[in-house]
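Biologist: Please take a close look at the charged side chains here, with the salt bridges at the centre. I would like one connected account with the cut-offs spelled out.

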Amino acid sequence: MTANRIFFITLAMPACALMSHPLTGFGHGRKHGSSGYPLTRFGHGQDTSLRKYVRMHYQTTDSKPVHVYEEECGQSRPVSTSLMQNNESSQIPGAGLGKIVPFKTVLKESYYLVGCVKDYMLEHGDKFGKNKDRYKEGSLTNVSIVRYVEIVPKEDQEPMSHGVCFSFCRTVPGMTFFGIQNGQNCYCMPYFNSMEGDDSACDQPCEGDTKTVCGNVVKSTVFQMHACGTAKKKLVESFDKMKTVSSDIEDLTKMVDGLAETMQDTAVALQTSFGKLGDTVATQLLQDAKLYAGTLAKASLAGLKISTKMGDLEGRYKDVKKLNLKKFREATKAETVMTSMQKATTEGSDEATRLGELAAKAGPDFETSGGAKRYRPVMQFVDEKFADVPSTCGGKAAGNALVAKADDCAEVCDSMLNDCDGFSHFMLKKDGLCFLFAKVETVTYYTGCKKKGAKLVQLAANKTSVSDAGLAANCMVKFSRFQGTSLAPKKGTDCSDCLEEAREAKRCIKDA
């Protein structure tokens, strides 16, 4: 019976084994952002590493989650007494029997929950504690559990928690598991054996952390201590993951900040110009753009804050990397830094997602050109002889302002299908602002420019690259949507598509 007895040892899946790239979830597996247009086009100018990064995290085709599994981590299997030589605890005969000096040498690096069990070792594996009269392991494996209260002086004892018990047991030679019973009784053991018991749950709050449970009156919450690699290796891995996220956040923060600055400066200049022209609808749109630029600037500051935090952690990492992590105090310092880096990586991953989505929405940059050709000036459907003059429009908004060329603005509107009828596009030299509309309701068209100049201004708004177009404005609607119809205001009639107002301004926008 003794030789063939089975000890069920559950090796829980360690966090390190489940850790993939911290930003694998960027974009939540979607190919499209919440606004509908493809984020694989995100980025400006040349094919930067940031654009490649965004493509990688938004593509779903042929991509699979990356999971790293340390060899032998995460297995669940029964281990017999006769095979205990395969378990590291059995390599130290008499575990828990010799002289124990805790908190001197770190022997374990992490711990994982096994379960809630009535533990045979607590009942019959205690050679020196209060259950020594029931000790039976001497003739079997010659080991004993080690109790926290028996080893740690009373004045040094702390209120019990998972972390307190682990900090003790990780320094006791030959121990692979630890358990906590009745909220406070911590003990270390080379193995555990679940006894038959009732179906009660481990619901006793830990004395030192009431948010967690530490067994109950008869059962123990049992954890396994397991080292998946060296402490220094884990420290380096945590830093590398944080550094990757930090680099992404720096790039995204710069991009969002650049979009905020461009939107703010362009909106201020255009608002001044159209204010002089008395175009109240346009000035209100530009005021909205300024407000949204503030939202982008605030988001970039949040990214900068996390980036700065990661920079500080990098300095702390460089300090603890030099320490001897086999010593308890130095390993504790390293673990504190590692935990902080892991937390910062998680926070940074979330922030990178937010920044990436903001940048993709506020500054879409599609690789295709010619999108604006699918749109026509709204005046073509109101009074065709004024189709080539500059125009601005207002209506029911379909989103926030965009820093975008006319082609990109058209692509975004197309991606929204029936939720977008058109857009008002402004160009100031090389910078364009776009405002999307679910329904265009008003138009102001400028007839004071010379015909040749007006055509040049009109064309400038449709170019995909403009060297020096000056000031341009155009209200554009989907050709496929309004082909063959009239959008001219028709008061007193039931015309759902007709504009509410078409106002002629006998001025030239270039003179503002």
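Modeller: Happy to; here is a walk through the salt bridges, followed by a patch of charge and a helix.

This is a predicted model, in which local features need pLDDT of at least 70 and side-chain atom pairs count only at pLDDT 80 or more, while totals for chains, interfaces and linings use all residues. Numbering runs from 1 along each chain as its sequence is written, and side-chain values rest on heavy atoms, with hydrogens and water left out.

Searching the whole structure gives 12 salt bridges (a side-chain nitrogen of Lys or Arg within 4 Å of a carboxyl oxygen of Asp or Glu). A good one to start with is the bridge between Asp198 and Lys219, where the closest N and O atoms are 3.8 Å apart. This pair links distant parts of the chain: Asp198 sits in the loop between strand 7 (194–195) and strand 8 (205–206), and Lys219 in the loop between strand 9 and strand 10, 21 residues apart. Helices (H or I, at least four residues) and strands (E, at least two) are DSSP runs, numbered from the N terminus.

The two partners differ in cover: Lys219 counts as buried because its relative accessibility is 8%, whereas Asp198, at 45%, counts as partly exposed. Buried here means under 20% relative accessible area, exposed over 50%, and partly exposed in between, using a 1.4 Å probe and protein chains only. Lys219 has another link to Asp198, as its side chain reaches the backbone oxygen of that residue at 2.7 Å. That falls under polar contacts, pairs of N or O atoms within 3.5 Å; within protein, one must be able to donate a hydrogen and the other to accept it, and residues adjacent in sequence count only if both atoms are side-chain atoms.

Next comes a bridge within a helix. Arg354 and Glu351 bring their closest N and O atoms to 2.7 Å. Because they are three residues apart in helix 8 (residues 328–362), about one helical turn separates them. Glu351 is buried at 7% relative accessibility, while Arg354 is partly exposed at 45%.

A third bridge joins Arg481 to Asp497, with 3.1 Å between the closest N and O atoms. Arg481 belongs to helix 11 (residues 479–482) and Asp497 to the loop between helix 11 and strand 17 (501–505), so the pair ties together parts that are 16 residues apart in sequence. Both ends are partly exposed: Arg481 has 36% relative accessibility, and Asp497 has a relative accessible area of 27%. Elsewhere, salt bridges that share partners join Lys243, Glu314 and Lys318 into one network.

Now for charge outside the bridges. Asp257, Glu261, Asp265 and Asp431 form a negative surface patch (residues with over 30% relative accessible area and no salt bridge, like charges being joined within 9 Å). Asp and Glu count as negative, with the charge placed at CG of Asp or CD of Glu. Helix 6 (residues 231–276) supplies the largest share of this patch, three residues. One residue of helix 6 is Asp265, which is partly exposed, with a relative accessible area of 46%.

Helix 9 (residues 406–415) offers a contrast to end on: eight of its 10 residues are buried, so the rest of the structure largely encloses it. Among those buried residues are Asp407, Asp408 and Glu411. Following helix 9 is Leu417, which has a positive phi, near 55°.

Conventions: Patch = residues over 30% accessible without salt bridge, like charges linked within 9 Å, V, L, I, M, F, W, Y side chains within 5 Å. Areas by Shrake-Rupley, 256 points an atom, 1.4 Å probe, with all protein chains shown as cover.
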